[in-house]
Amino acid sequence: MNEQIVSTENVHLYYGDFEALKGISMEFYDNQITALIGPSGCGKSTYLRLINRMNDLIPGVKITGKVNYDGKNVYDEGTDTVELRKKIGMVFQQPNPFPFSIYENVAYGLKIAGMKDKNKIDEIVERSLRKAAIWNEVKDKLDENALALSGGQQQRVCIARVLAIEPDVILLDEPTSALDPISSGKIERMLEELKKEYTIIIVTHNMQQASRISDRTAFFLDGNLIEVDDTRKIFTNPEKKETEDYISGRFG
Amino acid sequence: MAVNPEETDLNKKHIVTLNEKEPLAISTKDLHVYYGKFEAIKGVSLEFEKNKITSLIGPSGSAKSTYLRSLNRMNDEISSAKVTGEILYKNVNINDPEVDVYTTRKQIGMVFQSPNPFSKSIYENIAFGLKRHGVKGKETLDKAVETSLKQAALWDQVKDKLNQSALALSGGQQQRLCIARAIALKPEILLLDEPASALDPISTSQVEETLIELKENYTIIIVTHNMQQASRISDRTAFFYLGHVLEYDETRKIFTNPTIQATEDYVSGHYG
Amino acid sequence: MRRAYEEELNRLHASFFRMGRAVNEAIHQSVKAFVNHDKELAKKVIEQDKEINEMEHELEQACIELIALQQPVTTDLRKIITVMKASADLERMGDHAVSISKSTIRVKGSKRIYEIEAMISEAGDRVEKMVQEVLDAFVDSDDEKAIRVANEDLEIDELTRDIHRISIEEMKKDPDIVLGATDYMLASTYVERIGDYVTNISEWILYLNSGKIQELNTHHNIDDLNN
C-alpha cells in the first residue's frame with residue numbers, strides 16, 4: 001500500500017469574488033503519479049499551485065480548507081514557504097533554466113542552502129542529472145550555458161534542479177506541452193523512473209499522456225473535482241458522465 | 001529503438017503517388033531548401049490531393065514546417081533561404097521568381113501556430129484583408145465576413161458581437177477566426193502550421209472539426225506534432241525526417257502498418 | 001463533436017448487424033437443408049460463408065483502424081471491442097452452419113427418423129430466434145434481454161441431449177440407421193454450439209454496459225451432454 005503523502009481537505013480558492021476551487025478533497029500517495037486533467041479554466045493548475053503555496057504570490061487570493069503535508073497544514077501560520085517549496089518542488093510549462101551553466105543551474109539551490117563542499121555538490125549535481133535522464137547528454141559540457149540546450153533538455157535540467165534539493169513531492173504543470181513528441185517521451189519515461197522515489201503530481205492537457213504514465217487521475221470541471229480514481233478505471237469505465245465525455249473527446 | 005540518424009537508412013523511402021482518379025491540388029518535385037550552406041530540405045517530391053487533409057509529421061528538426069512554408073513561398077521572406085526544385089500549382093511552377101508572390105499567397109493561405117488575430121474587431125479581422133485586396137461595398141464585405149465565419153464554424157458564437165475585439169475570444173475561437181480570415185480570401189489551399197498546439201483539448205477539438213468541414217471546399221495541408229491529431233483528421237500523412245520524407249501514404253496505412261521502420265518507431269512513440 | 005468519428009462508430013454497428021443477419025440466414029438455410037436433405041441449398045450455404053468471412057474481416061479491419069486512428073476510450077472502446085469479439089462469434093456460427101451443410105451433402109444413410117428431424121428443426125428454429133434476439137439486444141444494449149437469451153440456451157442444450165439419447169436408442173435397435181443417426185447427432189451438436197456463441201455475445205453485451213467480463217450460465221460442452 002502506498003503511503004499518503006499529501007492530502008487536501010475541502011479546499012476553496014477565491015480570486016476576489018470568483019470561486020476558482022469549490023471544495024476539493026483528495027489524497028496523493030507515495031510512489032505514484034497522479035494526473036490532474038480537465039478543460040482550461042477548470043482549476044487544475046490553480047489546485048496544483050496551491051499545494052506548495054505558489055498562489056500566495058497572487059494578490060487578492062483567499063484560500064480556505066487544509067493542505068496536509070508532513071503532519072501539518074501547510075497553510076498554518078509559521079510555515080516556512082521556502083522550506084515547503086524545497087520539499088514540494090515545482091516544474092513549469094515553459095522550461096525556465098537560469099541563464100548560466102548547466103552545472104550552476106543544478107548547484108544553485110544547494111549553494112543557496114549554504115552547501116560549500118565542492119565534492120559533495122559535484123556528486124549531487126551528477127546524481128540529479130542522472131535521475132533526470134540527461135547526464136549522458138550534458139556530462140561533457142556542464143560548463144555550457146543551459147539556454148543553449150534544446151527545449152526538452154532544458155526541461156530535464158529544470159527537473160534536475162528540483163531533484164538536487166531532495167524534495168518529497170514534485171509538482172509539474174504541463175511540463176511537456178511546449179515540447180515535441182520525442183522530448184515528451186523522454187520526460188515521460190523519466191517520470192516513470194522518478195516515481196519510485198517521489199510523489200508526483202502532474203497537470204496535463206494531453207489525455208494520452210495521463211493515461212500512459214499516471215497511476216491515478218483526477219478530473220476537474222468548473223472548480224469542482226468530478227472524479228478521482230485509478231487511471232485504468234478513469235480511462236476504461238469512469239463513474240461520471242462528465243468524465244466520460246471529456247476523456248472521449250466529446251466536448252459539448 | 002530507431003529513429004536516430006545512425007540507424008536510419010535515409011535512402012530507404014516509401015512515397016505513394018496519387019493515381020489518375022485522384023485530382024491533384026499541388027505538388028513539389030525535388031524541392032530543396034537551403035539556409036546559407038545548410039540544406040534543410042533534401043529533395044522532397046510530394047503530391048497533395050484536392051479536398052483532402054494531408055498531415056506532415058516528424059520530429060523537431062525534420063524540416064516539416066520549412067517545407068510547408070515553402071509551398072506558398074513564405075521562405076522568400078528569409079534572406080538567406082534558397083529554394084530549388086519545382087512547386088507545381090495548376091501546372092505552373094510557382095517557385096519561379098516571375099510568379100507574383102501575393103497572388104500565390106492569396107490562393108494558398110496560411111494559418112500559424114499561435115492564434116494571431118489583429119487587435120481589431122472580429123469583423124475587421126476578416127474585412128481588413130478583403131479591403132486590401134480591393135473588395136469594396138459594405139454589403140459585399142458583410143456577406144464575405146458571414147460566409148467565412150460560417151465556414152470556420154464560428155458564426156453562431158460571434159454573430160452578435162462582430163464589433164467586439166477579437167482578442168476577447170477564447171484561444172480556439174481566435175484560431176478559428178484566423179482560419180476564417182484566411183478563407184475569406186478564397187484560397188484553394190490552406191496551409192496550417194501546428195494550428196492547435198497552443199490550444200487546450202476542447203479548442204483543439206473545435207479546430208479539428210472545423211478542418212474536417214472545410215475539406216469539402218479546400219485542400220488542407222497541416223503540420224502537427226500531435227500524432228493523434230494527424231491520425232484523427234487526415235487522409236494522407238507524410239513522415240519527415242532530417243529534411244527527407246521517408247514515407248508518404250494513406251493515414252490509415254501509416255498508423256496501422258507503415259512500410260518504413262523509422263515511421264513505425266515514430267508513430268508508436270518508440271524513440272531512442 | 002467528433003462527427004466523423006461518431007459516424008464511423010455508427011457504421012461499425014450497422015455492419016455488425018448486417019453480418020448478424022447474414023449469419024442467421026445461413027443458420028436457417030443450413031438446418032432447413034439438413035432436414036429436407038436439400039443438397040443444393042446446403043451448397044449455397046457453404047458458398048455464402050465466404051461473404052460472411054469477408055464481412056468479419058472488414059469489421060475487424062474497421063475496428064483496428066478506429067483504435068489506431070481515433071484513440072477510443074471507455075464506452076467507445078468497449079463498443080469497438082464488443083464488435084470485434086462478437087463478430088468473431090458470429091463468424092464461428094457461420095462455420096457451424098457450413099458444418100451442418102457439409103453433413104447434409106455427405107448424408108449416406110437412406111433411412112430417416114422423422115421424429116428426430118423434427119427435433120433438429122425445432123432446435124434450429126429456436127437458435128435462429130435466439131440469434132435474432134441477441135442482435136436486437138446488442139443494438140439496444142439491453143442487458144435484461146441478453147441474459148434472457150442466454151438462458152434460452154439451456155433449453156437448446158436440453159433438446160440436444162434428447163436428440164442424442166433418442167439417436168443412440170435408435171442405433172441400438174436398428175444397425176442400418178447408424179450412419180444417418182450419427183449425422184443427426186453431429187448436426188444437433190453444431191446447433192447446440194451456435195447457442196453457446198449466442199451466450200458469448202450476451203456476455204459481450206453485458207461487458208459493453210458494465211465494463212465487466214462475466215460468465216453467463218455455466219457451460220455446456222458436448223462432453224457433459226450425456227451426464
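1. Contact here means heavy atoms within 4.5 Å. On that rule, the contact between chain C and chain B takes 10 residues from chain C and 12 residues from chain B. This is a predicted model, in which local features need pLDDT of at least 70 and side-chain atom pairs count only at pLDDT 80 or more, while totals for chains, interfaces and linings use all residues. Residues are numbered from 1 along each chain as its sequence is written, chains are lettered from A and ligands numbered from 1 in the order in which they are written, and side-chain values use heavy atoms, with hydrogens and water left out.

2. Next, the area between chain C and chain B. Buried area is the accessible area (1.4 Å probe) that two parts lose on being put together, summed over both. Chain C and chain B bury about 1000 Å² between them. Of that area, 55% is on carbon and sulfur atoms.

3. What joins chain C and chain B by charge? The count is one salt bridge. The term covers a side-chain nitrogen of Lys or Arg within 4 Å of a carboxyl oxygen of Asp or Glu. B:Arg252 forms a salt bridge with C:Glu65, and the closest N and O atoms are 2.6 Å apart. Across this interface the rule also finds six residue pairs in polar contact, both residues at pLDDT 80 or more. A polar contact is a pair of N or O atoms within 3.5 Å; within protein, one must be able to donate a hydrogen and the other to accept it, and residues adjacent in sequence count only if both atoms are side-chain atoms.

4. The chain C side of that interface can be traced to its helices. Both α1 (3-36) and α2 (39-70) of chain C supply at least two residues each to the side that touches chain B. The largest share, five residues, comes from α2(C). By class, this side has five nonpolar, two polar and three charged residues. Ala, Val, Leu, Ile, Met, Phe, Trp, Tyr, Cys and Pro count as nonpolar; Asp, Glu, Lys and Arg as charged; the others, Gly among them, as polar. Helices (H or I, at least four residues) and strands (E, at least two) are DSSP runs, numbered from the N terminus.

5. Now chain A against chain C. Their contact takes 13 residues from chain A and 13 residues from chain C. The two chains bury about 970 Å² between them, 40% of it on carbon and sulfur atoms. In chain A, the residues that lose the most area to chain C are A:Asn237, A:Glu244 and A:Arg250. Together they make up 45% of what that side buries.

6. Two salt bridges cross the interface of chain A and chain C. C:Glu6 forms a salt bridge with A:Arg250, with the closest N and O atoms 2.5 Å apart. The count of residue pairs in polar contact between these chains is eight. On the side of chain A that touches chain C, α9 (231-236) and α10 (241-247) of chain A give two or more residues. The most, three residues, come from α9(A). That side divides into five nonpolar, six polar and two charged residues.

7. Over all chains, the search finds 44 salt bridges. One of them pairs A:Glu137 with A:Arg156 (3.0 Å, N to O). A:Glu137 lies in helix α5 (residues 135-138) of chain A and A:Arg156 in helix α6 (residues 151-164) of chain A, so the pair ties together parts 19 residues apart in sequence. Buried means under 20% relative accessible area, exposed over 50%, partly exposed in between (1.4 Å probe, protein chains only). A:Arg156 is buried at 3%, whereas A:Glu137 is partly exposed at 30%.

8. In chain B, B:Asp193 forms a salt bridge with B:Arg69, the closest N and O atoms being 2.6 Å apart. This pair links distant parts of the chain: strand β8 (residues 189-193) holds B:Asp193, helix α1 (residues 64-71) holds B:Arg69, and the two are 124 residues apart. B:Asp193 is buried, with a relative accessible area of 3%. B:Arg69 is partly exposed at 29%.

9. Chain C has a pair within one helix. C:Glu158 and C:Arg161 form a salt bridge, with the closest N and O atoms 3.9 Å apart. Both lie in helix α5 (residues 143-173) of chain C, three residues apart, about one turn of the helix. C:Glu158 is partly exposed at 44%, and C:Arg161 is partly exposed at 30%.

10. Last, the cysteines. The disulfide count is zero over all chains, the rule being a pair of cysteine sulfur atoms within 2.5 Å. A:Cys42 is buried at 1%, and C:Cys63 is buried at 0%.
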